Amino acid sequence: MLRVVKILEAAICVTFVVAIVALTSMQIVARYGMSQPFTWTEELSRFALISLTFLGAALVTGSSGHIVVDLSGPTKGRWSRLVDTLSSALVVLSGLFLSVMGASKALSLGGIKASATGVPLAALYWIMAAGFALMSVHALARLFSRSGHATDHLRGI
Amino acid sequence: GDVSLRFAHIWAPGHPFQTCGIDKMAEMLKKADVGLSIRAYPSEQLGTMAQLADSVVSGDVDMSVFGASYLANRYEMMNLFDSAYVFESAEDASKLIESKRGAEIWQGLLEKTGIRRLGNWLYGARHITANKPVRSPADLEGVKFRVPDNSLMIENARSIGATPVPMAFGEVYLALQQGVIDAQENPLTVIETQKFTEVQDYVSLTGHMIQVSPVVVSEKTWQKLDDSQRDTLLNVVKGVTEGVNECVRSQEAALVAKWQKDASVTVIPADEIDMDAFRKKAREHISKTYGDTEWGKIYAEFVSR
Amino acid sequence: MTLILLIISILVLLAFRLPVALALAVPSAVYVLLGGFSMEIAAQRMFAGVDSFPLLAVPLFMLAGALMNQGGITERIFEFVESALGHIRGSLGYVNISASVVFSGMSGAAVVDAAGLGAIEIKAMKERGYDEKFAVGITAASSTIGPIIPPSIPAVVYAVTAGVSLGSLFIAGVLPGLLMALALAIAVYVYTRFNDVPTSRRESAAFIWKAFVRALPALMAPVIILAGIFAGFFTPTEAGAIAVLYALLVAAVVYRAITWRQLWTVLLQTAEMTAAIMVIVAASAVFSWVLALEQAPQLLSAAVLGTTDSPFVFVLLVIVVLLLVGMVLEPLTAILILVPMLQPLVRAYGLDPVHFGVITILALMIGLLTPPVGLVLYVLHSVSGVSIRTAIQGTLPFLIPLIAALLLIAYVPQISLLLPRYFGF
Ligand code: NA
Ligand code: NA
């Protein structure tokens, strides 16, 4: 189940990266090749970046790639495991908390649409809320997994 | 009780909105002694215009001053004030803004968004910079014309005959210098502070948009104020309005005089521009494009007086 | 007082190895909630933090960098420069700096240099037997040249915020960027005098020529990017897309060094690295909103700057403040908050705003190398697997040449202003 979620996250995030390249390239081509350049590529590429950021935050939690300040080095032992467990638990709570923030913003926006593309702005905040919620799911899964990656998790992509 | 109002906007601390507007308001509020004070946040410190609109709605920012069309995705009617050639002059603008119809529009804004308008300050007219003189719509044919990423601004550009290229503000200078785009439009003060005159040969005083920016307060904040505080705030905003308008006008005049003197850029004055041709073309385009919308109808009606 | 509590809680969460993004966002969000602000504001600030067209350069130049890595482009640049310079003691130190100078002509951000070149530079240096700390240190330090030599994203933001000419600021960065390279090269030279460093054998002219031809398509990348920008075919941000397409062309068609599976891996890597960095940008936007709200930077600098009427001392104070601020704030955010406030002082002390822009950007770039919020360190940690602690220890000595270059640039305005004046800005 979680595997499917991870594959989906990866596929969607890669799609956003490809979209950013495609949209930015189209913007250049359209300026030379057409009498009326596209007026929506800029906004859409920004939205792709925003979606990539927040959904990617979940993806990165799943692959233990978040940037952390790790001054302790790769220490093993009970203390380190305790810190890891605590950290994962904090990620679960933080993800839920920020997800609620994102959802409340989405709800407050109603049907307001982006100027150039007509994309409902609430949709982007739902992506933010979903990204943070999935972050919690990944952290929760780690908390209950016994596969023993406890010491090197959250340490680089 | 005592209320400190967070007044946030996007302009630099030296902009007339700050120096002739907010700073003066702060003085007057202090003198009035009704338990109101102002804390100013210029220069996008608390967010861009679109973000500040969000924050005024949610009450996280108490007051702001806007380009009207930035409120349009919440209340479409606001497009009316930033549409091409809707007004002939700043005086003409206040005829609509302060009319009975104007009052209905501001009431609509309040009901739709929770943003209460207290007054309007003159932001200035938008003019065109290019590497050739622009005297009629024909001069803009095929010209790659930078606009903010906003559907009304795109149509405004089309309405005066240009080819709109939406582009982020921060990229404009280099894009002009390198010829990625040919022209752009902005108020004179922006043209000066962004040094567009360094990379463009002509400023044509088309004045295709005369912007009079609504000064607003969050309804959430307003409901916390007592009657005397409300009266005072309203009076203070109105009280500084003429001063702000005067500051903007004298700044614009000084800029034109400076450019004419130092010849950093050639100024094409309004009387050398075929305004009738611009107005006719723009008004036809806007009336046709937005004919189905409520504001489009008011536009058509107002410009055909 | 409450602001100090906020900063302490951020530091505590960082110590418990919470991801930096969460350690910044959550306490800041709690702070605004307790301060009576709406539930929505934290989400809005995170959104606003990444809702910026120039930031698209981050995934674009990262992808270009990853493709150059995967497609053997960066390697060939290295092979060529190393074949030419290899017989010099500590050659890869100089190669590292030269590569950053070349790359800075196509990159506008230090993190992009670190992400694009960093992995291959550190890998190559470790393989040749260089000390890991030295490798990561010179890589981190040289990455800060990227946003000094044009194009530069911080320069765009500074020019807009301070109301100075972007063209002038761009061109003002050329000589300071080269001076930084020189200062770092001197540091490498000093290091090689006191440490045992590997040296390769001298190669024949024919060998160097062969390496040059092999690297030519790769060496053309910055030429195409810079010529494209300055001939007006595309904007600096759009140049990122051109860099991606060109790298893909060279990797897939010219060098035939990339498979579909590898392409997928590169795309996924780019998505993850972008998200890991951008989510911090988003989170720091909440934190910096709180700082702006409490007018913390203004209070801080009013206290510091109200003490002198000497421009000499003022510039020194500003540099100290910027270096300190750079430790906790991401540069663009710091520019947006501090620059409007410093402008009146810049005028009062009679300094040139373009010159001041170069100082500001360089000082904040050094902040990318200093913990707790040092994005370049995190990026290098991400792309090379070097521990953050090693990255910090390795980078520390290279702050000396960078700060020396900064002081020289600060007190000899001609270094920055010669070219803009020559070109008539
Ligand atoms: Na380097
Ligand atoms: Na650069």
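This report covers the fold of chain A, its interfaces with chains B and C, a sodium site and two unusual backbone angles in chain C. The model is predicted.

**Chain A**

Chain A holds four helices and zero strands. Along the sequence the pattern reads α-α-α-α. The chain has 157 residues, and 53% of them are buried. Contacts in chain A between residues at least 6 apart in sequence are mostly long-range: 75% of them join residues at least 24 apart.

An unreviewed UniProt entry lists "transmembrane region" for residues 7-28, 48-69, 81-103 and 123-145 of chain A. Two of these spans can be set against the model. Residues 81-103 of chain A are 100% helix and 0% strand, with end C-alpha atoms 33 Å apart. Residues 123-145 of chain A are 96% helix and 0% strand, and here the end C-alpha atoms lie 32 Å apart.

**Interfaces of chain A**

Chain A touches both chain C and chain B. The table sets out the two buried areas.

| Interface | Buried area | Share from carbon and sulfur atoms |
|---|---|---|
| Chain C and chain A | about 5600 Å² | 76% |
| Chain A and chain B | about 1400 Å² | 47% |

On the chain C side, 61 residues of chain C meet 62 residues of chain A. Three salt bridges cross this interface. A:R46 pairs with C:D51 in a salt bridge, with the closest N and O atoms 2.6 Å apart.

The contact with chain B takes 17 residues from chain A and 16 residues from chain B. Within chain A, the residues that lose the most area to chain B are A:R31, A:T39 and A:E42, which together give 36% of what that side buries. One salt bridge crosses between chain A and chain B. B:D54 and A:K105 form a salt bridge, and their closest N and O atoms are 2.7 Å apart.

**The sodium site in chain C**

The sodium ion (ligand 1) has protein donors from C:N96, C:S100, C:E121 and C:S142. C:N96 gives both O and OD1, C:E121 gives two OE atoms, and C:S100 and C:S142 each give OG. These donors lie 2.1 to 2.9 Å from the ion. The donor residues follow the sequence spacing N-x3-S-x20-E-x20-S.

C:S100 sits in helix 6 (residues 91-104) of chain C and C:E121 in helix 8 (residues 118-127) of chain C, so the pair ties together parts 21 residues apart in sequence. C:S100 counts as buried because its relative accessibility is 0%. C:E121 is buried too, at 0% relative accessibility.

The geometry is irregular, with angles of 46 to 166 degrees among the six donor atoms. For comparison, ideal angles for six octahedral donors are 90 or 180 degrees.

**Positive phi in two loops of chain C**

C:R17 is not a glycine, yet its phi is positive, at about 60 degrees. The residue lies in the loop between helix 1 (2-15) and helix 2 (20-34) of chain C. C:R256 is also a residue other than glycine with a positive phi, near 45 degrees. Its loop runs between helix 14 (236-254) and helix 15 (260-293) of chain C.

Which of the two labels, buried or exposed, fits each arginine? C:R17 is buried, with a relative accessible area of 10%. C:R256 counts as exposed, at 71% relative accessibility.

How values were computed
Residues numbered from 1 in each chain as written. Chains lettered and ligands numbered in written order. Predicted model: local features only at pLDDT ≥ 70, side-chain atom pairs only at ≥ 80, totals over all residues. Heavy atoms only, no water. Donors = N, O, S within 2.8 Å, 3.2 Å for Na, K, Ca; no water. Tetrahedral: all angles 85-135°; square planar, octahedral: opposite > 155°, others 65-115°. Buried < 20%, exposed > 50% of the residue type's maximum accessible area, 1.4 Å probe, protein only. UniProt positions renumbered as here; feature names shortened; annotations may be inferred. Contact = heavy atoms within 4.5 Å. Buried area = accessible area lost by both parts, 1.4 Å probe. Salt bridge = Lys/Arg side-chain N within 4 Å of Asp/Glu carboxyl O.
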